[in-house]
Structure formats: structure tokens, C-alpha cells
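Hi,

Here is the model I said I would pass on. Have a look at it, and my notes follow underneath.

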2 protein chains.
Amino acid sequence: MSDTPDQEAVARVWSAMYDLVLRQEDRRKEVAETLGVSFFRVKALRRLLAGPKTMRELTADLSTDKPYTTLMVDDLEQRGYVTRSVSPDDRRSKIVTLTPAGTAAAEAAERILARPPRSMLALDPGDLATLDRIMTSLRTPS
Amino acid sequence: MSDTPDQEAVARVWSAMYDLVLRQEDRRKEVAETLGVSFFRVKALRRLLAGPKTMRELTADLSTDKPYTTLMVDDLEQRGYVTRSVSPDDRRSKIVTLTPAGTAAAEAAERILARPPRSMLALDPGDLATLDRIMTSLRTPS
DNA sequence: TACAATAATTATATTCGCATAACTAAATAC
DNA sequence: GTATTTAGTTATGCGAATATAATTATTGTA
């Protein structure tokens, strides 16, 4: 009955959302070109905005492998976006920290990615409020 | 006043949508692994579901370059997913067409990608209908 | 007919991300 | 106190995607 969701509507909504994010408003190339590094490196910088991380944590966050993290951090270090320091707790661990330049780059990426679609800015205020409420509920799976 | 959109709400909504599509429900790896080809090739197959395309059109659709399209179509042809044929209109052009196996693969990809998030299936019917209406309006930029 | 433009291919090089194995240094367990 | 585990690095190779130049075949045009 009413607790059976309208499969077609769900499919339509999901497809529209997917399309909007990945087809109409895909800014990954723009971000990578603006910062002059690959999108994957941008992702690393953005993760570090939340605070310094060990190589191990960064590897897990990006779901990549340790050797590649080493190479990538080497590169980001050379570009002056991050620094590596030995952890005071565990001298095996190294802590990767954003430099001011790295923070600026990550924030520039955030700004580009956060820029909403034009159509969303034109939404009716009531619809926007409703959408806000619904999206919040979707984000955290019930 | 009311025609000034709530910037914060817009940002929140867009971020939630971006997150849902790219973080929580990213099926690109799953699709690529299931079909045994890169996601980029999957994208090519999916584009061909709409009908045969020339190499040139496919190149434009995927925003790649002609040499790479040649290589990719070579590969898809070897795998039995597409065929190449000379265009009757312009003998310089080649038309890329999905084989039955290619169509099946593309449809399998569609099914995986179209699978909506669990949280969306649990939506209140009224909210779903509203979301459906709003997403439709967002998809086609006003 | 000669010349320019277009569609596709071939060849070559580079970057990026992924994977694996081998290694060093430090911490932990027995 | 020796053995094992863990964090990170080094080395090597591979496939995917991008880029550029050169070539062939065909079409369109001066």
C-alpha cells in the first residue's frame, strides 16, 4: 500500500540526482586544472582540511595503498602543500600536515566543488526548505 | 526578500547531494569489476545504448581524443561488445554498434547504477513525490 | 583537376593510479 | 632479549587515459 514506495519515482529521482552531480555539474576537471594537480591529490588535500593525518590514515581514507601514498605525499610536499613530521607518540609514524599554501589550495577546491547548480539557486524558497529537509534525511541512512 | 535564496540551505542541499552520489553510493568500481572493463569503457557502452555512433561522435560524447577512441573501440571489439562498420553516407566514417553481448553488458551496468540508495526507498510517499517534482525541475536548468 | 578539409588510424611518449615484493626502523609480544 | 608486528619507503611493472604528430582514405571545393 502506502508503505510500498513508488519504484518508478525512486528510480527517476535517483537518476536525476546522479545525472545532476555527475553529468551536468561535474567539476572534477575544473578543480584539477585550477589547482594544477590530479583530482586524486585534490581529494587528499581536502581530507587533510579536517586535520593532520598519518600516512596510514591517509592511505585508508583514500582507499589506496601505502606505496602510492608515499609517492603522492612526496609530490605534494615538493609542491609545498604538505609537510611530513615524525609522530611524537610513535616514531614509526609520520604525520602529514597542510601548509598554508596547501590549506589555501584545498579551500579553493572546496569553493569550486561547493558551487551549487544555477537551477538550485532559482528554486522556490518553500521547495528549497523541503529539499533541505529531505536531503538531510537521505544523507544519514535511517 | 523571498526571491533571495537561502545560500546556506542551497549549499547544504548541494553538498548532501554530492555526498550521496559520490561518497555514499559510488558504484563505479562495482560496475567496472562486474563487467571486467574500465569504467570509462562502461561509459562508452552506455552511451551506445542510445544507438550507434560514429567514432567522431563517440569521441565527443566521452570528451576524449580520436586516437584513444580507436584504441578503446579496438578493445571493445575484441571483447565482442561492439562492431565497426563503414558508414554508407560517408565512407571515411565508421559506425560503432553494440552487439547483443554489448547491449547486455551496458544494461547490466545501467541496472547497477540505477539501484537507488536504501534511504531513498524508505522515503515517505509524500516526500518522494515532492522530491520527484523538484528533481525534475532541477535536471532541466530553468 | 588540384587542393583543402575531414574521419580514422598508427606510432610514440607521458602521467596517473594500482599492485606486489623487498627493505628499514620502531614498537610490541612472548 | 629475541621474535613478531607495524609504519613507512624503495623499486619495479602494468594498465588506463591523455596528448601530439604523422599517415591514409575519402569528401568537398576552388
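**Notes on the contacts**

Starting with the DNA: a side-chain N or O atom of B:R92 sits 3.4 Å from a base oxygen of DNA strand D. That falls under polar contact, meaning a pair of N or O atoms within 3.5 Å; within protein, one must be able to donate a hydrogen and the other to accept it, and residues adjacent in sequence count only if both atoms are side-chain atoms.

Before the rest, some housekeeping. This is a predicted model, so local features need pLDDT of at least 70 and side-chain atom pairs count only at pLDDT 80 or more, while totals for chains, interfaces and linings use all residues. Residues are numbered from 1 along each chain as its sequence is written, chains are lettered from A and ligands numbered from 1 in the order in which they are written, and side-chain values use heavy atoms, with hydrogens and water left out.

**Strand D**

The same strand has a base nitrogen 3.3 Å from a side-chain N or O atom of A:K66. On the phosphate side, a backbone N or O atom of A:M55 is 3.1 Å from a phosphate oxygen of DNA strand D. Helix 4 (55-61) and helix 5 of chain A, plus helix 3 (39-48) and helix 5 of chain B, are the elements giving two or more residues to the surface near this strand; helices here are DSSP runs (H or I, at least four residues), numbered from the N terminus. Helix 5 of chain A gives the most, with three residues.

There are 20 residues around DNA strand D, and A:R56, A:T70, A:R84, B:F40 and B:Y68 come nearest. "Near" takes one heavy atom of the residue within 4 Å. Sugar and phosphate make up 67% of the strand D atoms that come within 4 Å of the protein. By class, the surface has five nonpolar, five polar and 10 charged residues, where Ala, Val, Leu, Ile, Met, Phe, Trp, Tyr, Cys and Pro count as nonpolar, Asp, Glu, Lys and Arg as charged, and the others, Gly among them, as polar.

**Strand C**

B:R92 turns up here too: an N or O atom in its side chain is 2.8 Å from a base oxygen of DNA strand C. Phosphate oxygens of this strand are 2.7 Å from a side-chain N or O atom of B:T70 and 3.1 Å from a polar backbone atom of B:M55. Of the 20 residues around DNA strand C, the nearest are A:F40, A:Y68, B:R56, B:T70 and B:R84. Helix 5 of chain B supplies the largest share of the surface, three residues.

**Chain A against chain B**

How many residues of each chain are in contact? The count is 51 from chain A and 51 from chain B, with contact meaning heavy atoms within 4.5 Å. The two chains bury about 4800 Å² between them, 65% of it on carbon and sulfur atoms; that is accessible area (1.4 Å probe) lost on putting the parts together, summed over both. A:W14, A:L138 and A:R139 supply 16% of what chain A buries there, more than any other three residues.

Six salt bridges link chain A and chain B, each being a Lys or Arg side-chain nitrogen within 4 Å of an Asp or Glu carboxyl oxygen. One of them pairs A:D127 with B:R133 (3.0 Å, N to O). Polar contacts between the chains come to 14 residue pairs, both residues at pLDDT 80 or more. Helix 1 of chain A brings the largest share of the chain A side, 16 residues.

Cheers
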